[in-house]
Amino acid sequence: MKQLVIILFSAFSLSSYAQLQTFTGNVGFIMTSSFLGTDYVISNAQFTGYPQAVGSFISNTTNLGLTKGILLTTGEIFDTPAGPNGPNDQSDAGYDNQAAGTSLIESSTNASILEFDVVSSVDSLKFRYVFGSDEYPEYVGSQFNDQFRILLSGPGIAGNIDLNYLPSGVLASINTINPTSFSAFFVNNGSGLEAPQNQSDYYIQYDGFTVPLMAVAAVIPGQIYHVTIIVTDVADGIFDSGVFIEQCDGCDFNAGIPTLLDDMIECFPNPSNGNCVVKFPVLPSDATLTVINALGEVVQTETALAGISSFSLNNIPSGTYVVQLTSDAAVWTGKLISE
């Protein structure tokens, strides 16, 4: 009998890893100080929204692309017909949890909002996330377009910057990442009515989701920054969406990365002697180039015209600066050291 019990337990353990597992819990307990990796210290995590719309997840063997972390949804995280757990056996999975919306996103409802402080030991903040929704593919291009934001504020940043932009400067959303737009970033997970997605726990419930994307920003080491992550229904409270944030205690995404990161503003030379050229993506529209010192003070502002790809900065005093380029489409950041 003892041998039989051991065999059954082993079988259960193996099968439990082949699915998305979700657990409710206090976000302050889930988000340990090392949640984002060795370069960062997390503190003051708090959640606003429906209590059962947030929790931790484990996804060792699924098609999600992340193995563990924290999950925010517009419905609930339980393994119920409305939750994100697989298989994908519904085309309209969702739960209207009656939570309030947010003033940051128009026509929002059922908003889940995660906030925390972070101090970085390096000059960039980087972490991975996945956004998924059961509004795929039926509501691509419609007003029923659930939204999410990853907002960063702190020293060297004017207001909030949004970190869920693609390298091209397009805001990641249902209308921008789908089977016909930026499809390389999209995972088609079936309609909920077809095999193999509706027959195996390897597939999560959402009909579509992004590949793991990287949130990236230039920051000043040792300073406190505030992160706000939001996912919300828009226009109605049905068909759930969710954002998965990777827990990566041992990660060091900055290892071997130069001072300025790919897909951000580049400054040459860097460090400089007070004279440098700022290079950035070709602009779809006019933009404002702002140089901000470590105290958060704007020391120089320039207008960048559509189509240009560089701008010269002269006689910048010694110090560490965040260079921020703001257009109608996106915000890019970079770091400059003047010696």
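These exercises work through one predicted model of a protein chain.

**Exercise 1. The whole chain**

Task: Find how many helices and strands the chain has, and what share of its residues is buried.

Solution.
- Step 1. Start with the secondary structure. The chain holds two helices and 20 strands.
- Step 2. Turn to burial. The chain has 339 residues, and 51% of them count as buried.
- Step 3. Look at the surface. The accessible surface is about 14300 Å². Carbon and sulfur atoms make up 54% of that surface.
- Step 4. Check the contacts. Take those with a separation of 6 or more: 72% of them join residues 24 or more positions apart.

**Exercise 2. The nonpolar cores**

Task: State how many residues the largest nonpolar core has, and which residues have the most contacts inside it.

Solution.
- Step 1. Give the count. The largest nonpolar core has 43 residues.
- Step 2. Name the residues with the most contacts inside this core. They are I70, F116, L125, I150, L152 and I229.
- Step 3. Follow one of them. Leave out residues up to four places away in sequence, and I229 touches L72, S112, I113, L114, F116, R149, I150, V243 and I245.
- Step 4. Look beyond this core. Another core, of 14 residues, lies apart from the largest one. Among its residues are C276, I316, Y321 and V323.

**Exercise 3. Salt bridges**

Task: Count the salt bridges. Then say where the partners K68 and D249 lie.

Solution.
- Step 1. Recall the idea. Side chains of opposite charge can pair when their charged atoms come close.
- Step 2. Apply the cut-off. The nitrogen of Lys or Arg must be within 4 Å of a carboxyl oxygen of Asp or Glu. The count is three salt bridges.
- Step 3. Take K68 and D249. Their closest N and O atoms are 3.4 Å apart. K68 sits in strand β4, while D249 sits in the loop between β13 (241-246) and β14 (266-268). The two residues are 181 residues apart, so this pair links distant parts of the chain. K68 is partly exposed at 35% relative accessibility. D249 is also partly exposed, at 26%.
- Step 4. Take E246 and R128. Their N to O distance is 2.9 Å. E246 belongs to strand β13 and R128 to strand β6 (residues 124-133), so the pair ties together parts 118 residues apart in sequence.
- Step 5. Compare burial in that pair. E246 is buried, with a relative accessible area of 7%. R128 is partly exposed, at 23%.
- Step 6. Take D162 and R149. Their closest N and O atoms are 3.5 Å apart. D162 lies in strand β8 and R149 in strand β7 (residues 147-153), 13 residues apart. Both D162 and R149 are buried.

**Exercise 4. S107 and S108**

Task: Decide whether S108 is buried or exposed, and say which residues S108 contacts outside its neighbours within four places in sequence.

Solution.
- Step 1. Place S108. This serine is in strand β5.
- Step 2. Use the cut-off. Buried means under 20% relative accessible area. S108 has 17%, so S108 is buried.
- Step 3. Find a polar partner. A polar atom of the S108 side chain lies 3.1 Å from the backbone oxygen of I105.
- Step 4. List the contacts. Beyond its neighbours within four places in sequence, S108 contacts G101, T102, T232, D233 and V234.
- Step 5. Step back to S107. This residue lies in the loop between β4 and β5. S107 is partly exposed, with a relative accessible area of 48%.

**Exercise 5. Unusual backbone geometry**

Task: Find which peptide bonds from G86 and A195 are cis or trans, and what sign phi has at S107 and F182.

Solution.
- Step 1. Check G86 to P87. This peptide bond is cis, with omega near 0°. P87 lies in the loop between β4 (68-73) and β5 (108-120).
- Step 2. Check A195 to P196. This bond is cis, with omega near 5°. P196 is in the loop between β9 (186-188) and β10 (208-210).
- Step 3. Read phi at S107. The value is positive, about 60°, although S107 is not a glycine.
- Step 4. Read phi at F182. The value is positive, about 50°, and F182 is not a glycine either. F182 is found in the loop between β8 (161-162) and β9. F182 is partly exposed, at 33% relative accessible area.

Methods:
Residues are numbered from 1 along each chain as its sequence is written. This is a predicted model: local features need pLDDT of at least 70, side-chain atom pairs count only at pLDDT 80 or more; totals for chains, interfaces and linings use all residues. Side-chain values use heavy atoms; hydrogens and water are left out. Helices (H or I, at least four residues) and strands (E, at least two) are DSSP runs, numbered from the N terminus. Buried means under 20% relative accessible area, exposed over 50%, partly exposed in between (1.4 Å probe, protein chains only). A salt bridge is a side-chain nitrogen of Lys or Arg within 4 Å of a carboxyl oxygen of Asp or Glu. A polar contact is a pair of N or O atoms within 3.5 Å; within protein, one must be able to donate a hydrogen and the other to accept it, and residues adjacent in sequence count only if both atoms are side-chain atoms. Contact means heavy atoms within 4.5 Å. A nonpolar core is a set of buried Ala, Val, Leu, Ile, Met, Phe, Trp, Tyr and Cys residues joined through side-chain atoms within 4.5 Å. Accessible areas come from the Shrake-Rupley method with a 1.4 Å probe; for residues, only the protein chains shown count as cover.
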